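Colleague: I'm new to this one and would like a quick tour. Can you put it up so we can talk it through?

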Amino acid sequence: MSFVFAVCQAGAEAALKNEVSRRHPELRLAFSRPGFVTLKTPDSRGFTEQFQLKSVFARSWGHSVGKVVGTDGNEMARQVGELLTAKFTAEQLATCGHLHVWERDRFMPGSRDFEPGVSVLAAEVGRILEASEFNAERQLIVNAIPEPNSMIIDCVLVEPGEWWIGWHIAEQGPSCWPGGVPQIELPEEAVSRTWLKMVEGLMWSGLPVKPGDAVAEIGSSPGGSCQALLGLGLTVTGIDPAEMDEALLKEEKFTHVRGRAKDLPRRLFSNFRWLASDASAVPNYSLDTIEAIVTHPSVKIEGLLLTLKFTDWKLADEIPLYHKRIRSWGYQNVRSRQLAFNRREICVAATKD
Ligand SMILES: C[S@@+](CC[C@H](N)C(=O)[O-])C[C@H]1O[C@@H](n2cnc3c(N)ncnc32)[C@H](O)[C@@H]1O
């Protein structure tokens, strides 16, 4: 029997399970906890080698090796060593240089002072595993970003005394980040935590934004995401009926257009290269607004970075329809991910080429 594990936002498990049932009917749901889901895989030959979990909601995923349970960290670390030496040959382990240790999410990001990332407990368990006898020979590096296409050993703290061990191939981007969370911190001067969302969205999507590019953001108040864009040297227009934070209004490369995007003349958008949206509206309302803009003949926007908000998790089932709609505007390359710093929402990146 073999299993795949996936970690997601706490509360997104049902959306993840529905998505997996639709996109991977060969997998069967098994054990799950908030923020952590395991799936039984078919026993067919070659399955593991070829498998790629296709999921918007899986922040990180891997192949399960088993779990260790206990109250003594050093003893648990010894059991981790036993599990890994039973599973892998010495040659296989010799090709692996990294260990990622993280804790499943306890709360919605941005709630109760919680933000995803390597917690104090995960860092402590990482130190225990790093100093373990098993690692004396292997010298696995803990919670670092590997070279693309590296094998990573995963240790997910599902409970403080219950560690699930697995492995994955870190191809690039989020699969190289411990737990699928980029190692970024909210700067003190950020006026809202959406700074994190914008930075992560750009890192994940790889949109080739460059200094001097003009970008508009619909739903820009109070201004965290605009600050992130300004920090990259872009010229930013924020569109929002609400006030922007004073820190933004002082910025030379920032313009506030006060109003609802739908009420503005389309030619306002004719000089932008990129369009971002974070408006507090249901996805179809946001998409109606964006469609009217990007299909106007004067508009030449090359790429979109959209936050689609789910007032109801059922809207997650509509993601394939949202993609189809965006493609129909000429953006052939459309991808979605629930970012680590997203709340009950997803990030959609779309480009024309
Ligand atoms: C989540 S907040 C945006 C946060 C912002 N991106 C930041 O970085 O601080 C959502 C915003 O969407 C704005 N909004 C809602 N509907 C809108 C519309 N049709 N056009 C422009 N802004 C809209 C609201 O006024 C609100 O300020």
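Colleague: How many helices and strands does the chain have?
Modeller: Keep in mind that this is a predicted model. Going along the chain, the tally comes to eleven helices and 15 strands.

Colleague: What is the radius of gyration of the chain, and why does it count as compact as a globular protein of its length?
Modeller: For 353 residues the globule rule gives 20 Å. The chain comes close to that, so it is as compact as a globular protein of that length, with a radius of gyration of 22 Å.

Colleague: Which domains does the assignment give, and how far apart are their C-alpha centres?
Modeller: The assignment gives domain 1 (2–180) and domain 2 (194–351). The two are in contact, with 19 residues of domain 1 meeting 19 residues of domain 2. From C-alpha centre to C-alpha centre, domain 1 and domain 2 are separated by 32 Å.

Colleague: What share of the residues counts as buried?
Modeller: A residue is called buried when its relative accessible area is under 20%. Out of the 353 residues in the chain, the share that passes is 54%.

Colleague: Let's pick a residue: is Leu93 buried or exposed?
Modeller: You'll find Leu93 in helix H4, which covers residues 90–94. Its relative accessibility is 4%, and the cut-off is under 20%, so Leu93 counts as buried.

Colleague: What is the C-alpha separation of Leu93 and Arg138?
Modeller: Along the chain, these two are 45 residues apart. Leaving out residues up to four places away in sequence, Leu93 touches Leu84, Thr85, Phe88, Phe134, Arg138 and Ile153. So Arg138 is one of its contacts, and the C-alpha atoms of Leu93 and Arg138 are separated by 7.6 Å.

Colleague: And Thr235, where does it lie and how is its exposure classed?
Modeller: Thr235 sits in strand E10, residues 235–239. Its relative accessible area is 33%, which falls between the 20% and 50% cut-offs, so Thr235 is partly exposed.

Colleague: Which residues does Thr235 touch, not counting those up to four places away in sequence?
Modeller: Ala30 is 205 residues away along the chain, and its C-alpha atom is separated from that of Thr235 by 48 Å. Contact calls for heavy atoms within 4.5 Å. The residues that Thr235 touches, with that sequence limit, are Gly212, Asp213, Ala214, Val215 and Lys253.

Colleague: Last one: how far apart are the centres of the positive and negative side chains?
Modeller: The chain carries 39 positive and 44 negative side chains. Take the centre of each set, and the two lie apart by 8 Å.

Notes
Residues numbered from 1 in each chain as written. Predicted model: local features only at pLDDT ≥ 70, side-chain atom pairs only at ≥ 80, totals over all residues. Heavy atoms only, no water. Helix = DSSP H or I, 4+ residues; strand = E, 2+ residues; numbered from the N terminus. Rg over C-alpha atoms; globule rule 2.2 N^0.38 Å. Buried < 20%, exposed > 50% of the residue type's maximum accessible area, 1.4 Å probe, protein only. Lys, Arg positive; Asp, Glu negative; His and termini not counted. Charge placed at Lys NZ, Arg CZ, Asp CG, Glu CD. Domains from an automatic or database assignment.
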